[in-house]
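Here's a quick walk through a single-chain model, from the overall layout down to a few charged side chains. Have the viewer open alongside.

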Amino acid sequence: VIIVKDMAETINCLINRRWKQHYGLKDGNYDIIPTPFESINQKMKGFKKGELILIAGRPGMGKTTIALQIAIETAAKESLLYVSLDNDEEWISDKIISQMETQSFGDIRSGKLREEIDVLNMMDKTLLKSSERNFDTLFDIKSLRSIEKQLSIKHHDILIVDWFQLLTCEIDDPSLDLIEVVRELKRIAKQKNIV
């Protein structure tokens, strides 16, 4: 009975303290970054800073497309670092053009461009217009330490790593490397208060 009573008091204290925190938050600022996807925002309100979000799926299911859509839509308001371990700068640029202009990625990659694409207008309505350049990219970086160093040089609100399975922590046991990468990404997200 004493344990149950102590537990009840502890829970009551936690709830009361959190309730007061809710009232104390200015303008409902919960450090949440909305996604460009309304269905996700309705269910979980967006991505909370300090948390690690993993988007997983089989090859060719659209993980990179989703990641780039998040980057395109959020970089106008949030500073973002996009790390691609799978694709080069030209591929990423073509993918962004495809998504912004709703033109087939295959057509863009094969040079079948629509004449009416207004590049200046496209740049004006996107992340590319930002004078402080909110969308930074890194290619061919395999070490988590290199990414962490980049995050120390310039603050970012969002870190997107496309194909994080290729990251390494440079530990002695390669079979544990992926587990350690996930742990380190979670630590970085929490420590730097980024998504």
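## The overall layout

The protein chain's secondary structure adds up to eight helices and five strands. Keep in mind that this is a predicted model. Going along the sequence, the pattern reads α-β-α-β-α-β-α-α-α-β-α-β-α.

How much of the chain is buried? Of the 195 residues in the protein chain, 35% are buried. The exposed surface of the chain comes to about 12900 Å², with carbon and sulfur atoms supplying 55% of it. Looking at contacts in the chain with a separation of 6 or more, 63% are between residues 24 or more positions apart.

## The three-stranded sheet

Three strands make an open sheet in the order 4-3-5, and the pairing is parallel. The edges are taken by strand 4 (135–139) and strand 5 (158–162); each has a single partner strand, so one side of each has no neighbour in the sheet. From one strand to the next, the twist averages 15°. As background, strands of a sheet pair through backbone hydrogen bonds, either parallel or antiparallel.

Strand 3 (residues 80–84) pairs with strand 4 in the parallel sense over five bridges, and strand 3 also pairs with strand 5 in the parallel sense over five bridges. S84 is a handy residue to click on: F139 stands opposite it in strand 4, while in strand 5 its bridge partner is D162.

## Strand 5 up close

Strand 5 may be an edge strand, but it's mostly covered, with five of its five residues buried. Which way do its side chains go? I158, I160 and D162 point one way, L159 and V161 point the other way, and all of them are buried.

## Salt bridges

The structure holds eight salt bridges. One of them joins K49 and D157, with the closest N and O atoms 3.1 Å apart. K49 sits in the loop between strand 2 and helix 3, and D157 in the loop between helix 7 (144–153) and strand 5, so this pair ties together parts that are 108 residues apart in sequence. Both partners fall under the 20% cut-off for buried: K49 has 16% relative accessibility and D157 has 11%.

There's also a salt-bridge network linking R145, E148, E184 and R187. Within it, R145 and E148 meet at 3.2 Å, N to O; these two are three residues apart in helix 7, so about one helical turn separates them. E148 also meets R187, at 2.9 Å from N to O. R187 belongs to helix 8 (residues 177–192) and E148 to helix 7, so that pair ties together parts 39 residues apart in sequence. As for exposure, E148 counts as buried at 14% relative accessibility, whereas R145 is partly exposed at 37% and R187 is partly exposed at 30%.

## A nonpolar patch on the surface

Which residues make the nonpolar surface patch? M44, I53, I55 and I66 do, and the patch has an area of about 310 Å². I53 lies in the loop between strand 2 (47–48) and helix 3 (63–74), the loop that also holds K49. The relative accessible area of I53 is 32%, so this residue counts as partly exposed. K49, by contrast, counts as buried at 16%.

Note on methods
Residues are numbered from 1 along each chain as its sequence is written. This is a predicted model: local features need pLDDT of at least 70, side-chain atom pairs count only at pLDDT 80 or more; totals for chains, interfaces and linings use all residues. Side-chain values use heavy atoms; hydrogens and water are left out. Patches are made of residues with over 30% relative accessible area and no salt bridge: like charges are joined within 9 Å, nonpolar side chains (Val, Leu, Ile, Met, Phe, Trp, Tyr) within 5 Å. Accessible areas come from the Shrake-Rupley method with a 1.4 Å probe; for residues, only the protein chains shown count as cover. A salt bridge is a side-chain nitrogen of Lys or Arg within 4 Å of a carboxyl oxygen of Asp or Glu. Helices (H or I, at least four residues) and strands (E, at least two) are DSSP runs, numbered from the N terminus. Buried means under 20% relative accessible area, exposed over 50%, partly exposed in between (1.4 Å probe, protein chains only). Two strands pair if DSSP finds at least two bridges between them. Axes are lines fitted to C-alpha atoms, for helices over the stretch in contact, and angles run from 0 to 180 degrees between N-to-C directions. Contact means heavy atoms within 4.5 Å.
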